[in-house]
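Biologist: I would like a close look at a single part of this protein, with its setting explained in one connected answer. Please take me through it step by step.

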Amino acid sequence: MKYTEKYKDMAEQFRKDGCDEYMVEKFIRREMEADKFRKEEGTTDIEAVRLWKSYPDEVKEMWLHHAFCYNCGTASFKPGYNLRKDKFGVVIEGFCDKCGGRIARCCD
């Protein structure tokens, strides 16, 4: 696995703390995924918006109010969510209306 300087420093610290290579890779991969999520935060993909507009309003409302929050269980998105297109369709990314935790939902 190739790391940037940030991840190299983290990996070195994990090794100093006694983590084996499996755990180092697991922690670094998790951090990289979180960084990717944060990097895309605040952006909405124009292709996702076009696809989103093609969905019926009832379906969009259902998706926005039936997401899964690991803190609360079923949750709704706070206003200000973002749309992103991926290989499965539109992904809604945002925060739980109840607890503020990060949530995402794939709309296929």
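Modeller: What follows is a close look at one residue, Ile 92, and its surroundings.

This is a predicted model, in which local features need pLDDT of at least 70 and side-chain atom pairs count only at pLDDT 80 or more, while totals for chains, interfaces and linings use all residues. Residues are numbered from 1 along each chain as its sequence is written, and side-chain values use heavy atoms, with hydrogens and water left out.

The protein has 4 helices and 5 strands (DSSP runs numbered from the N terminus, H or I of at least four residues for helices and E of at least two for strands), and along the sequence they follow the pattern α-α-α-α-β-β-β-β-β. Ile 92 lies in strand S4 and, at 0% relative accessibility, counts as buried (under 20% relative accessible area, with exposed over 50% and partly exposed in between, for a 1.4 Å probe and protein chains only).

Leaving aside neighbours within four places in sequence, Ile 92 is in contact (heavy atoms within 4.5 Å) with residues including Trp 52, Trp 63, Leu 64, Phe 77 and Ile 103. Cys 106 is 14 residues away from Ile 92 in sequence, and their C-alpha atoms are 6.4 Å apart.

Ile 92 is, with Trp 52 and Val 90, among the residues with the most contacts inside the largest nonpolar core, which has 15 residues (a core being a set of buried Ala, Val, Leu, Ile, Met, Phe, Trp, Tyr and Cys residues joined through side-chain atoms within 4.5 Å). Elements giving two or more residues to this core include helix H3 (46-54), strand S4 (89-95) and strand S5 (102-107).
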